[in-house]
Amino acid sequence: MFAILRCFAAFALSGLAWSACALAPETLHDLALGDNDAKAKAIGIAAASGDISSLPLLQSLLDGEVQTVGDEQILLVKGETGIDLVTGKAIAPLPENRDDVVINNRIRKDLRTAIAALKLTAPERAIRLAAAKELQTGADEDLLSVIGSALAKESDTEIRNLLSLTRASIQLTSTDKDTRLAAVRALAESSNSSTKTLLLGVLEQKGGNYTEPDAEVRAEAEKSLHAVQGRLSTGEMVGRVFSGISLGSILLLAALGLAITYGLMGVINMAHGELIMIGAYTTYVVQNVFRSHFPALFDAYLIAAVPAAFVASGLVGIALERSVIRFLYGRPLETLLATWGISLILMQSVRTIFGAQNVQVENPSWMSGGIEAISGVVLPWSRIAIIAFAALVLAMMWVVLTRTRLGLFVRAVTQNRTMASCTGVPTRRVDAWAFGLGSGIAGLAGCALSQIGNVGPDLGQSYIIDSFMVVVLGGVGQLAGTVYAAMGLGVLNKFLEAWSGAVLAKILVLVFIIVFIQKRPQGLFALKGRTVDA
């Protein structure tokens, strides 16, 4: 059995040996037996050839698997098996007087660069992308032809951009003015933030003298820098707007339920954040059920978690309304205190059941990664999914409130409870269903929030104040106002963060809302018609 394994190992090594024979004998000799300068030159020759058959030998040399016997024999050794790289013959047993090929940090760097260059011809995109990234820190003029060949064959935009940037950075060090000028002009088309650093290096002064001696090259570099800065500014703007819309969608999901319970019903529900938390923990439970019982369908767990979160939070909301809030209508202070106490009870209940530590909710595979809108600006699929989900929830809520019997009853009770009761509307039952609807939407917010952040007992506390601000700013009882307020606050917050930092941005937003409400107490949109008859 041992002999059979050795034969298989020798057969595998023979492939590497034939790969090594693709190199000229003198190049192979320099790789193993030459001094450091000879090794570096031989590595450069192997990389510049673009022949991927040299890749296994270079990798073996980097891994310390190449050994020598005297000044002539070069062995590739794996375990107890070896093969002569010159003759291709298996060597058994291995000679006792073998010496390791010694390589220093410089040679290791050259080997990694050469291996990365050869990997540019690999059929797998991931391998080519990793190689292009590695070349950014170690490529030199010897690899220009390899990079040029790879660019001519490469169709992937991201890899092409990296290779173009690497080639330009090498050409900027050329002694030929036309080569440097061409590199500067090529960089003008880049959207990579590293391009700005390269161009600033051309315009840098040391000791009162420019690093770049030629005035024409410097002038072209200034033009390219201006173009790149404009493109980067556009990318940053797009990124901030997307981040603002993403944050606005989260605020909208958190505030939509409150827009019903507070905006339409006038109930100050301080336990609204805990209803969001219940939705997030329901998502966690559904995830664990799918992981344990339906592992093949794990990516679909979120589809089942959405209705489960709505139902769980909705039922808790109905129970809350039937047991406590129904006795406190028209008494805002008592309602506030009671719901605050309930929020503490719900948080402690979750701590008792699930523990005080955060729990992990994984994203389905289809929510991983993102899409590159423009170079350097990646829009995560998780955020895109939440924006789409918020739009869907908003549309469904609008349909319920404007196109269903429940919505008609809710609007009737909101505008004039006494008159609605006189026309046969079951106001008590409508209160329970409306509160359940608002609580269920809070559960949907928790389901969405579980995909982008930690899920813990304090999850809801992070959003309760923001939710009230959105509802009050938009106009109590106004669905459209809630949408505008959430999106406006999200985008405003992100732009202020870029200017002043996250903490100061929060303070500025709060000051803005206070001043706005002082000037316009009814919010963005005033409620039309009769108000709630307390």
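F516 touches L473, G523 and L524, leaving aside residues up to four places away in sequence; contact means heavy atoms within 4.5 Å. The model is predicted: local features need pLDDT of at least 70, side-chain atom pairs count only at pLDDT 80 or more, and totals for chains, interfaces and linings use all residues. Numbering starts from 1 along each chain as its sequence is written, and side-chain values use heavy atoms, with hydrogens and water left out.

F516 sits in helix α21, residues 502-519. Helices here are DSSP runs (H or I, at least four residues), numbered from the N terminus. F516 and V455 are 61 residues apart in sequence and 33 Å apart in space, C-alpha to C-alpha.

Now the helix pairs. Two packed helices are described by the angle between their axes and the distance between the axes. Axes are lines fitted to C-alpha atoms over the stretch in contact, and angles run from 0 to 180 degrees between N-to-C directions.

Take α5 (residues 105-119) and α6 (residues 125-135): their axes come within 8 Å and cross at roughly 140°. That makes α5 oblique to α6. Angles under 35 degrees count as roughly parallel, over 145 as roughly antiparallel, 65 to 115 as roughly perpendicular and the rest as oblique. The α5 and α6 crossing is left-handed, with the near helix turned anticlockwise from the far one by less than a right angle. From α5, R112, T113, A116, A117 and K119 meet I127, R128, A131, E134 and L135 of α6. By class, this contact has 5 nonpolar, 1 polar and 4 charged residues. Ala, Val, Leu, Ile, Met, Phe, Trp, Tyr, Cys and Pro count as nonpolar, Asp, Glu, Lys and Arg as charged, and the others, Gly among them, as polar.

Helices α16 (residues 405-415) and α18 (residues 427-449) pack at about 110°, axes 10 Å apart. They are therefore roughly perpendicular to each other. This crossing, too, is left-handed. L406, F409, V410 and V413 of α16 make the contact with T427, V430, D431, W433 and A434 of α18. The split is 7 nonpolar, 1 polar and 1 charged.

Last, the cavities. A cavity is a set of points on a 1 Å grid over the protein atoms alone where a 1.4 Å probe fits but cannot get out. The structure holds 2 cavities of 30 Å³ or more. The second largest has a volume of about 40 Å³, the space filled by probe spheres set on the points. Its lining (residues with an atom within 4 Å of a point) consists of L28, L31, A32, L57, L61, V66, I74 and L85. Helices α2 (25-33) and α4 (55-62) each supply at least two of these residues. α2 gives the most, with 3. The lining has 8 nonpolar, no polar and no charged residues.

Technical notes: 1 Å grid on protein atoms, 1.4 Å probe; cavity = no way out; pocket = protein on both sides within 12 Å on 5 of 7 lines; lining within 4 Å. Helix = DSSP H or I, 4+ residues; strand = E, 2+ residues; numbered from the N terminus.
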